[in-house]
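Colleague: Could you take me through this structure step by step? I would like to begin with the sheet and then move on to the surface.

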Amino acid sequence: MLDSVEQVREALGREGYIADEPLATTVFLQTMLQKPLLIEGPAGVGKTELAKALAAATGRRLLRLQCYEGQDETKALYEWDYGKQLLYTQILREKIGQLVADAADLDEAVDRIGKQESVFFSDRFLAPRPLLEAVRSEDPVVLLIDEIDRADESLEAVLLELLGEYQVSVPEIGTFTAKHAPYVILTSNNTRDLAAALKRRCLHSFLDYPSAERELEIIRAKDTGLAESLAAQLVDVVRGLRDLDLRKSPSISETIDWARTLAVLGVGELSAKVLSDTVSVVVKYDKDVRKALDALPRLVDPNATVPTSLRNGHDHGHGHGHGHDHAHDHGPGGHDHASPDAEPDGPAIRQAKDRPGRFGDGYYGTPKKNAALGRRRPF
């Protein structure tokens, strides 16, 4: 039992998960109220890791449903083991023959066999998937429903019974109700709006990128092997990259990977050269890499100039119609590098980008909509 918010923070901290006060409070309420928890936020800020840490901290088994487009209830709830049913049919062929041996006609034989159908649609042939397994488990579990925003809306409807009553109905058998209410954590990268009915059944928390102090504390907890002073400097560099107008900002997990990479390389001093050689650990798109290469010297040393070798023949326009005088304004929450006293408002920039429904058709491989026909086409 986690009897207080402080106990939640300490228990998660022992598993290497550094939770702030609001998140620890929400997790505590989840355990006390036995309600599912929906966590939304950018990719890589610790949503999935929270479920893993909670399972480890409470000694519960972790069950995970990884959501994807086109997923149906047979992959989430249960399905029938048709191969096993067929095998049993072959084994029982002789018994079936005896059952219908004295039948007067075909109709009577079919009626006799029909009365046995419940044998084949019974618990022994039921193959539970994560949702049903969480409900039927003899021991308490943590159920992680990961990236629910990637699944179709039909799966959300399937989840409502589980989230509301911790039960699953199987038409051929009946309703299974959980002996122990699972700790259910749903995560969303906010690529689409979720149904109000689903949100209504859940506690809610939004995870954003942490403060510099908390991110440094997370790196310490992960024992990356990087010196404290270099880790602090690396956190500042990563936060500077997040202030750029990147397609995908570096996540916390990628900061940890970068710290481990530098430790493995035996880096004793952060320089624009070594960071540029390893920047692909945290920056995943070509245009983002080019922007990062231009920014790294300034992030390491504000008075540094950008070496031509780091630019690698990069076109300074970036496709945005501006050069590198950095006098442009990024819009709401943007910043003007022409003013030495101006501070980038990174959270405002990310909040402007991280809005529901901001991704168009085709994102994450979703079918594109055919405007002429009013329906989606596969490509």
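**A conversation about the model**

Colleague: Which strands pair with S5, and in which sense?

Modeller: Please bear in mind that this is a predicted model. S5 is joined in parallel to strand S8, residues 183-188, by 4 bridges. Strand S2, residues 61-66, also pairs with S5 in the parallel sense, over 6 bridges.

Colleague: Which residues face each other there?

Modeller: On the S2 side, Leu62 has Val142 as its bridge partner, and Leu63 has Leu143. Towards S8, Leu144 stands opposite Ile185.

Colleague: What order do the strands take in the whole sheet?

Modeller: The open sheet has 5 strands in the order S2-S5-S8-S1-S9, with parallel pairing. S2 and strand S9 (203-206) are at the edges with a single partner strand each, so each has one side without a neighbour in the sheet. From one strand to the next, the twist averages 20 degrees.

Colleague: Back to S5, then. Is it buried or exposed?

Modeller: Strand S5 covers residues 141-146, and 6 of the 6 are buried, so the strand is largely enclosed by the rest of the structure. Val141, Leu143 and Ile145 point one way, while Val142, Leu144 and Asp146 point the other way.

Colleague: Why do they split like that?

Modeller: In a regular strand, side chains alternate between the two faces of the sheet.

Colleague: And at the S9 edge, which face is covered?

Modeller: The covered face of S9 holds Leu203 and Ser205, whereas His204 and Phe206 are on the uncovered one. S9 runs parallel to strand S1, residues 37-40, and 4 bridges join the two. In this pairing, Ile39 stands opposite Ser205.

Colleague: Let us change topic. How many salt bridges are there?

Modeller: A search of the whole structure gives 13 salt bridges. One of them joins the side chains of Glu138 and Lys179, at 2.9 Å from N to O. Glu138 is in the loop between helix H9 (130-136) and S5, and Lys179 is in the loop between strand S7 (174-177) and S8, so this pair ties together parts that are 41 residues apart in sequence. Both Glu138 and Lys179 are exposed.

Colleague: What about Arg150 and Lys248: which partners do they have?

Modeller: Arg150 forms a salt bridge with Glu147, and their closest N and O atoms are 3.3 Å apart. Arg150 counts as partly exposed at 27% relative accessibility, while Glu147 counts as buried at 16%. Lys248 forms a salt bridge with Glu254, with 2.9 Å between the closest N and O atoms. Lys248 is partly exposed, at a relative accessible area of 25%, and Glu254 is buried, at 9%.

Colleague: Now the helices. What is the span of H13?

Modeller: Helix H13 has 15 residues, 228-242, which at 1.5 Å a residue should span 21 Å; its end C-alpha atoms are 21 Å apart, which agrees. Its buried residues include Leu230, Leu234 and Leu241.

Colleague: Where does Ile256 lie?

Modeller: Ile256 lies in helix H14, residues 252-264. Ile256 is buried, with a relative accessible area of 8%. Its C-alpha atom is 9.2 Å from that of Asp223, although the two are 33 residues apart in sequence.

Colleague: Lastly, which residues make the nonpolar surface patch?

Modeller: Met1, Leu29, Met32 and Leu33 make that patch, of about 430 Å². Met1 is in the segment before helix H1 (5-14), and it is exposed, with a relative accessible area of 76%.

Terms used:
Residues are numbered from 1 along each chain as its sequence is written. This is a predicted model: local features need pLDDT of at least 70, side-chain atom pairs count only at pLDDT 80 or more; totals for chains, interfaces and linings use all residues. Side-chain values use heavy atoms; hydrogens and water are left out. Buried means under 20% relative accessible area, exposed over 50%, partly exposed in between (1.4 Å probe, protein chains only). Two strands pair if DSSP finds at least two bridges between them. Patches are made of residues with over 30% relative accessible area and no salt bridge: like charges are joined within 9 Å, nonpolar side chains (Val, Leu, Ile, Met, Phe, Trp, Tyr) within 5 Å. Accessible areas come from the Shrake-Rupley method with a 1.4 Å probe; for residues, only the protein chains shown count as cover. A salt bridge is a side-chain nitrogen of Lys or Arg within 4 Å of a carboxyl oxygen of Asp or Glu. The expected span of a helix is 1.5 Å times one less than its number of residues. Axes are lines fitted to C-alpha atoms, for helices over the stretch in contact, and angles run from 0 to 180 degrees between N-to-C directions.
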